[in-house]
Amino acid sequence: MRKRPRFRLLSLTLGVLSAGGVAGGQQTRVPAESPLPAAKAAAGTEPFPGVVATPIGKTPLTGRPYVYTLKHLTPAEMSAPDASLAAASRPELAAKAAQLNFDLSDPGWEYRQIACPAFPDYLFLAYSHGPEPNGTSKFVAALARNRSQVWIMPAVSHGLRPFDIVWSKAAAYEIFNGLLRQERGLAPLGNAPNWLVIGMCYAEFTGNHVQVLTSQPEAGPTLDLLRLDASLPQLNIQPDRSATVTFSDASRPAATIGWTLAFDPKGQITSVEQLKERQPAKIALKP
């Protein structure tokens with residue numbers, strides 16, 4: 001894959017940008033309404049409904065960068081309905097996992113719920129078998145709450161990574177787009193107040209527990225983000241209502257991963273790219 005240009009912080013803003021004009025010089029505007037009638041955008045200081053910025057603790061940077069993350073809940077921390085759904089779906093989940101050579105009867109398997117507020121109709125479970133951080137085997141399951149249906153996306157298989165680039169595979173797009181259609185219909189991504197959460201949920205579904213860099217609670221970009229080759233989360237909307245979501249992931253030691261997710265005018269993912277930038281040791285986020 002050809003090397004893409006680095007993210008440049010000073011050209012981006014935390015929020016929504018228009019990538020092009022329309023007739024008369026007007027910019028593309030984003031409707032304020034939610035595509036989910038029962039959902040309301042969070043009020044107050046949270047720019048993305050469902051996620052809260054939390055500080056990264058010990059860093060040698062001038063300030064404390066903040067990250068958005070999706071919560072991972074142990075079985076004991078799950079709600080009673082979610083725990084019941086996980087238990088009831090176990091036979092079907094085990095059967096589908098077996099087709100990918102994952103044996104859930106082995107007592108070494110553990111799982112965590114991925115709390116993804118952009119998908120209230122689904123329960124996401126991250127399964128792992130073996131020592132961290134890589135694990136012998138890993139996959140993510142999506143369980144439908146209102147019907148008996150299970151999807152599995154493998155990430156690591158028996159100590160190997162044959163699915164290491166699953167995030168860029170058409171099969172991953174197809175499954176995730178089906179979940180999006182169930183939640184949002186075919187509304188453009190620009191209609192979603194939690195567009196960043198949707199992008200983060202895709203990363204999580206493909207086995208990547210991302211930590212999205214931001215400058216919160218600062219009002220604007222910071223030099224530290226530039227030093228980390230990072231950008232603020234950005235939604236870029238084209239005149240035809242297609243869109244791209246970009247964010248910088250600080251989950252890997254001494255590296256910043258730039259994610260770019262492209263969506264068509266019907267809010268469906270068409271491509272995903274990653275760009276890895278090494279951090280100099282003196283400013284690495286983690287030891």
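A search of the whole predicted model finds one disulfide. C116 and C201 form this disulfide, and their sulfur atoms lie 1.4 Å apart. The angle about the S-S bond is 95°, and the link of C116 and C201 is right-handed. C116 sits in the loop between strand 5 (109–114) and strand 6, while C201 belongs to helix 4 (residues 195–205), so the disulfide ties together parts that are 85 residues apart in sequence. Both cysteines, C116 and C201, are buried.

The next topic is the sheet. Strands of a sheet pair through backbone hydrogen bonds, in either a parallel or an antiparallel sense. Here, five strands make an open sheet in the order 4-5-6-7-8, and the pairing is antiparallel. Its edges are strand 4 (72–73) and strand 8 (150–156), each of which pairs on one side only. Between strand 6 and strand 7 there are eight bridges, and the two strands pair in the antiparallel sense. One position to look at is F124, which stands opposite A142 in strand 7.

On its other side, strand 7 is joined to strand 8 by six bridges, and these two strands also run antiparallel. Within this pairing, L143 has V150 in strand 8 as its bridge partner. Strand 7 and strand 8 form a hairpin, with five residues between them. How much of strand 7 is buried? Seven of the eight residues of strand 7 are buried, and the strand is mostly covered.

The aromatic side chains come next. A pair of aromatic rings is described by the distance of the centres and the angle of the planes. In this model the count comes to 14 aromatic pairs. One of them is the pair of Y127 and F139, which is stacked, with 4.9 Å from centre to centre and 10° between the planes. Y127 is in strand 6 (residues 122–129) and F139 is in strand 7 (residues 137–144), 12 residues apart, and the pair links distant parts of the chain. Y127 has a relative accessible area of 3% and is buried. F139 also counts as buried, because its relative accessibility is 1% and the limit for a buried residue is under 20%.

There is also an aromatic cluster, formed by F119, F124, Y173, F176, Y202 and F205. F124 of this cluster is the residue opposite A142 in strand 7.

Charged side chains give a further set of contacts. How many salt bridges are there? The count comes to two salt bridges. In one, the side chains of R145 and D82 meet, with 2.3 Å from N to O. R145 lies in the loop between strand 7 and strand 8 and D82 in helix 1 (residues 80–88), so this salt bridge ties together parts that are 63 residues apart in sequence. The two partners are covered to unlike degrees: R145 is partly exposed at 35% relative accessibility, whereas D82 is buried, with a relative accessible area of 10%.

The other salt bridge is formed by E92 and K96, whose closest N and O atoms are 3.9 Å apart. Both residues are in helix 2, and because they are four residues apart, E92 and K96 are separated by about one helical turn. E92 counts as partly exposed at 26% relative accessibility, and K96 counts as partly exposed at 29%.

R184, in helix 3 (residues 170–184), is a charged residue without such a partner. R184 is buried yet has no salt bridge, and the nearest side chain of opposite charge, that of E183, is 8.4 Å away. What lies 2.9 Å from a polar atom of the R184 side chain? It is the backbone oxygen of P188.

Two loop residues remain, and both concern the backbone. N101 is not a glycine, although its phi is positive, at about 70°. N101 is found in the loop between helix 2 (90–99) and strand 5. This residue is exposed, with a relative accessible area of 54%. R241 has a phi near 80°, again a positive value in a residue other than glycine. R241 is found in the loop between strand 10 (234–237) and strand 11 (243–249).

How values were computed:
Residues numbered from 1 in each chain as written. Heavy atoms only, no water. Phe/Tyr/Trp six-rings, centres within 6.5 Å; stacked < 30°, edge-to-face > 60°. Buried < 20%, exposed > 50% of the residue type's maximum accessible area, 1.4 Å probe, protein only. Disulfide = S-S within 2.5 Å. Lys, Arg positive; Asp, Glu negative; His and termini not counted. Salt bridge = Lys/Arg side-chain N within 4 Å of Asp/Glu carboxyl O. Polar contact = N/O pair within 3.5 Å; in protein donor to acceptor, adjacent residues only side chain to side chain. Pairing = 2+ DSSP bridges.
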